[in-house]
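Reader: I should like a close look at a single part of this protein. Please treat its sheet in one connected account.

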Amino acid sequence: MSGSRPPAHAPAPAVADAGNPPLPPPRPHGFATGSAEAPVAPATPPRGPAAAAAGRPQSSVPAVPGSRVAAEAGRPGTTPVGPPPGHRSVETTARLRPVPGVPARRRAVGAVDLTPGPGRAPVPPRFLSAPQPPPETPVETTTRLRPVRARHPARAAGAAVCGVLGLGLIGGAVTGSWLTGDSAAEPAAVAGYERAASRWHSAPVDALFPPTLTGDGAGPGGADRAWTRVAVAPDNGCAAALDPLLLTALEPVGCTRLLRATYTDASSSSVTTVGMVFTKADATAMGALRTRFAREKLADRTDLMPRPFAAKGTVAAGFGDKQRASWTLSVLTDAPVVVFAVTGFADGRTVADPQPAGRAMTPGATTAPAQAGLGHEAKGIADRVERALRKTAGPPTEEPR
């Protein structure tokens, strides 16, 4: 009937204004901020499909316990209000991890369901609110070095002066022990020097002048050479066998004996006389003589060239002063000996411009001695006779019993 009032028990409409979005239900005090019954919107605005769904107006309002909507939902004939089919609620409960050293608050009962049920996995222990022990503090093992204070310039200068003086004292002590014969190696050197001085009368001729000499790579261009001894001169003094000017140069060391021998090459085209002048000087005098020969280049002077030994009946019979083509001379310091060698052509031809061995051995030299390799002949034979002398002057060895 028009104008009559509705019954007092008539239910109130479920939705006042379908065009306005529903208000969120009140949050129960003392519980976690979210559950399956009352979803709570996330703090940040949703994105993607969830944002599009959230922007559409809701046709129904979730029922809140104790509200009129919940009462109407329980009556027959009323459409139940709830999430649409296929809707999945998102758990938004904030799970806070315990802070080391801070006591954890006790959660209200029911905040997190720890009872495993059908299809529900137990909550990992890391979500429990039990207090965690504080992490161990690492032990610092870094070595802390104190800064070094800058050294005063006066102290640095004093340290440098002390170091220089110390080195000078040590060097002076070593030099003094060497000069006075206190060095451990000095007796052996003196003994070898004395043995070499007596080799001229105690060593066999074949030990000083081997019958054959081999020169591997001693020829021009590294060619192998071989020499054969053709004569040995009798030992005698130096006056008759050396030029007067060479005798004058050797006068500071004196002359005890002169030994000589003559060799020829494998083709018998060259002859070489090698000799050893045994002096009366000690090691110091021999060192001074060697220094003078090197400083004044006396070994390269033509007027100081040694004389050859021409043996009759051999290929060296015509080897005289005018046939000298190249020579070498060496002053030893580990033995009182001056070793020399002089070479020439075996056919007796004269040489107008003789050359020292060092100059005749220069690559590209065009003189006759250089072209014939006579510088290599003199140097090769002198070196091997010098080695034979050092071998005989070595320490004596015991014969096997």
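Which residue of β2 does T214 stand opposite?

Author: T214 stands opposite A226 in β2. The model is predicted, so that local features need pLDDT of at least 70 and side-chain atom pairs count only at pLDDT 80 or more, whereas totals for chains, interfaces and linings use all residues. Residues are numbered from 1 along each chain as its sequence is written, and side-chain values use heavy atoms, with hydrogens and water left out.

The protein chain has 11 helices and 7 strands; these are DSSP runs numbered from the N terminus, with helices (H or I) of at least four residues and strands (E) of at least two. An open sheet of 7 strands follows the order β1-β2-β3-β4-β6-β5-β7, and its pairing is mixed. Two strands pair if DSSP finds at least two bridges between them. The edges are taken by β1 (212–215) and β7 (355–356); each has a single partner strand, so one side of each is left without a neighbour in the sheet. For β1, 4 bridges join this strand to β2 (residues 225–236), and the two run antiparallel.

Two helices lie across the sheet strands. Helix α11 (residues 374–392) lies across β1, β2, β3 (257–265), β4 (270–278), β5 and β6, at about 40 degrees to β4. Helix α8 (residues 283–296) lies across β5 (324–331) and β6 (337–345), running at about 140 degrees to β5. Axes are lines fitted to C-alpha atoms, for helices over the stretch in contact (heavy atoms within 4.5 Å), and the angles run from 0 to 180 degrees between N-to-C directions.
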